[in-house]
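Subject: A structure for you to look at

Hello,

Here is the structure I promised to pass on. Please open it first, and then read my notes alongside it.

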Amino acid sequence: MQQIAMFEKITSQRFAQDCAACLPDTDATRAYDAVKLPVRATAGSAGYDFFAPCDLTLAPGQSVRIPTAIRAKISEGWALCIFPRSGLGFKYRLQLDNTVGIIDSDYYHADNEGHIQIKVTNDSRDGKTLILHAGDAFAQGVFLPFGITQDDCAQGVRTGGFGSTSQNK
């Protein structure tokens, strides 16, 4: 297997700032100290599990943006795709609000330190409330190679995330 990436924690200051924006009741210092880097559960797993930084409760129809405190240093020619954990999708219809998160290799250098934040919705149609405890795996990331066209001429420079590349046009 090719080793093409490395996970790191962002700074505690960046995490606290992003936590304040989407999880204001969270003790950011305590959550940051407990953050685990993504890992594969088994040698045959394709996905790296991302873990909840704090306790979260999602009623049916409720969404939350989860700051993971994680960034990924990814080799050129690869991307990290983020998906919900299969079991949570099956049991709760847990969905990513952008369907699939795409983390580009240059996102590592974004103004927000390349902070991977994952917005999820409990789309349960059975009235099930999803409870995640700090440290529970809720999403998974899979590294995939990608190609470019022969006449590609992309020269934009990333400065942010969440739609920033569309502003380079």
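A word you will meet often below is "buried": a residue is buried under 20% relative accessible area, exposed over 50%, and partly exposed in between (1.4 Å probe, protein chains only). By that rule E8 is partly exposed, with a relative accessible area of 22%.

Please keep in mind that this is a predicted model, where local features need pLDDT of at least 70, side-chain atom pairs count only at pLDDT 80 or more, and totals for chains, interfaces and linings use all residues. Residues are numbered from 1 along each chain as its sequence is written, and side-chain values use heavy atoms, with hydrogens and water left out.

The first sheet

Helices (H or I, at least four residues) and strands (E, at least two) are DSSP runs, numbered from the N terminus. Two strands pair if DSSP finds at least two bridges between them. As general background, strands of a sheet pair through backbone hydrogen bonds, either parallel or antiparallel.

One open sheet is made of four strands in the order β1-β4-β8-β6, with antiparallel pairing. Its edges are β1 (5-9) and β6 (94-96), each of which pairs on one side only. Direction ignored, neighbouring strands here are turned by 45 degrees against each other on average. For angles, axes are lines fitted to C-alpha atoms, for helices over the stretch in contact, and the values run from 0 to 180 degrees between N-to-C directions.

Within this sheet, β4 (residues 63-74) and β8 (residues 116-122) are joined in the antiparallel sense by six bridges. If you would like a place to start looking, R65 has K119 in β8 as its bridge partner. Across β4 and β8 lies helix α1 (residues 12-22), which runs at about 155 degrees to β4.

The second sheet

Another four strands form an open sheet, in the order β2-β10-β5-β7, and the pairing is again antiparallel. Here β2 (48-51) and β7 (101-104) are the edge strands, each with a single partner, so one side of each has no neighbour in the sheet. The average turn between neighbouring strands of this sheet is 30 degrees, direction ignored. Strand β5 (residues 78-84) runs antiparallel to β7, and four bridges join them. One of the residues to find there is A79, whose bridge partner in β7 is D104.

Salt bridges

How many salt bridges are there? Taking a salt bridge as a side-chain nitrogen of Lys or Arg within 4 Å of a carboxyl oxygen of Asp or Glu, the count is six.

One of them joins the side chains of R71 and E8, at 3.4 Å from N to O. R71 sits in strand β4 and E8 in strand β1, so this pair ties together parts that lie 63 residues apart in sequence. R71 is buried, at 14% relative accessibility. Its side chain also reaches the backbone oxygen of E113 at 3.4 Å; a polar contact is a pair of N or O atoms within 3.5 Å, where within protein one must be able to donate a hydrogen and the other to accept it, and residues adjacent in sequence count only if both atoms are side-chain atoms. Leaving aside residues up to four places away in sequence, R71 touches M6, F7, E8, K9, I10, Y108, E113, G114 and I116, where contact means heavy atoms within 4.5 Å.

A second example is within helix α1: the side chains of D18 and R14 meet at 2.8 Å, N to O. These two residues are four apart in the helix, or about one helical turn. D18 is buried, with a relative accessible area of 5%, and R14 is buried too, at 17%.

The side chains of R93 and D123 meet in a salt bridge at 3.0 Å, N to O. This pair links distant parts of the chain, 30 residues apart: R93 is in the loop between α3 (86-92) and β6, and D123 in the loop between β8 and β9 (130-132). R93 is partly exposed at 32%, as is D123 at 22%. Together with R125, R93 and D123 are linked in a network of salt bridges.

Cysteines

With a disulfide taken as a pair of cysteine sulfur atoms within 2.5 Å, the structure holds zero disulfides. For C54, the nearest cysteine sulfur is that of C19, 6.1 Å away. C54 is buried, at 9% relative accessibility, whereas C153 is exposed, at 62%.

Enjoy exploring, and best wishes.
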